[in-house]
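Trainee: Please take a close look at one part of this model, residue by residue. I would like to hear where the chosen side chains sit and what they contact.

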Amino acid sequence: MTTDLTDVFETHRPLLMGVAYRMLGRVADAEDVVQDAWLRWSRADRGEIGEPRAYLVRITTRLAIDRLRRAKAHGEAYIGPWLPEPCVTEFGGTAPDTAERAVLADTVSLAVLVVLESLSPLERAVFVLREAFGYPYAEIAALLDRGEAAVRQLAGRARRHVAERRPRYDVDPARRRDLTERFLAAAGGGDLEGLLTLLAMDVRLVGDSGGKAKAPLRTLHTADKVGRFLIAVSGTVPDLAVRFLEVNGGPAVLILSGGKPDSLIQVDVADDRVSTVYIVRNPDKLRHLADR
């Protein structure tokens, strides 16, 4: 019986992690929620569970909502700009269809997750279930114990909020990878002129250190400021090594110092230019990437 319970849960674990991570924006928190969901699943009365997938998604979503509400109630201050904890993704193997892959990548992107932070926990849950996983409104209503009309209102409000605030960017993985490599070469080589040709005039640089590493405490704007900052900090990492990863649905660069993660850099692209540069330097958000 235990083996059967484990097998069923493991079958649905990727889905549960996908829901929890999009809800929370933190890999460790998502893993904690999924572990809590396992404990509830293992102790549940089998006679009260009609469909395991629905039960597990409901429990995971509600646990994530509770965690979000507790975090908002505590009102913890974060030093400097906040970015999600980077999540390694491999959509190529699980979503071969181009349209499906684009949807999955978009809903887990750093840009979208930053916007989702400003939604209420219920709005976020509805957005994730509807936009990322295509749940019908009626099923979402049942999962959240809400009326379908209320769920539709929540979905519409969340969708408008995200559409208004999310940056526009191109999602072609090959083009994004090419620009990322050229961006890295120009920045790492101290080539300001070459770097400026890759940056949009209104480019932004968002650096997340949580006060635990050196990074701008405010978002930088304009190609000149972003370019000069990147040139100034290039070459300052001792014993540097670089790895390319797929992170949050797109190519990213993991910079290691002495074999340990130092920074993760990802760029958004619009109109063949780098429109946003994300730099995660908070060591707490990079620790899980050490073996990648």
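Mentor: The model is predicted. Begin with Asp268, which has a relative accessibility of 2% and therefore counts as buried, the cut-off being under 20%. Asp268 belongs to strand E5, which runs over residues 260-270. The side chain of Asp268 is joined to the side chain of Tyr278 by a polar contact of 3.0 Å.

Next comes Lys285, a residue of helix H13, which covers residues 283-286. The relative accessible area of Lys285 is 8%, so Lys285 is buried as well. Its side chain forms a polar contact of 2.6 Å with the side chain of Asp208. Asp208 also appears among the residues that Lys285 touches, when residues up to four places away in sequence are not counted. The others in that set are Tyr78, Trp82, Leu83, Pro84, Glu85, Pro86 and Val280.

Last is Phe244, in strand E3, which spans residues 240-247. Phe244 has a relative accessible area of 30%, so it is partly exposed: that value falls between the 20% limit for buried and the 50% limit for exposed. On the surface, Phe244 forms a nonpolar patch with Leu240 and Val242. Together, Leu240, Val242 and Phe244 have about 230 Å² of accessible area.

To put the three side by side: Asp268 is buried at 2%, Lys285 is buried at 8%, and Phe244 is partly exposed at 30%.

Definitions and conventions:
Residues numbered from 1 in each chain as written. Predicted model: local features only at pLDDT ≥ 70, side-chain atom pairs only at ≥ 80, totals over all residues. Heavy atoms only, no water. Helix = DSSP H or I, 4+ residues; strand = E, 2+ residues; numbered from the N terminus. Buried < 20%, exposed > 50% of the residue type's maximum accessible area, 1.4 Å probe, protein only. Polar contact = N/O pair within 3.5 Å; in protein donor to acceptor, adjacent residues only side chain to side chain. Patch = residues over 30% accessible without salt bridge, like charges linked within 9 Å, V, L, I, M, F, W, Y side chains within 5 Å. Areas by Shrake-Rupley, 256 points an atom, 1.4 Å probe, with all protein chains shown as cover. Salt bridge = Lys/Arg side-chain N within 4 Å of Asp/Glu carboxyl O. Contact = heavy atoms within 4.5 Å.
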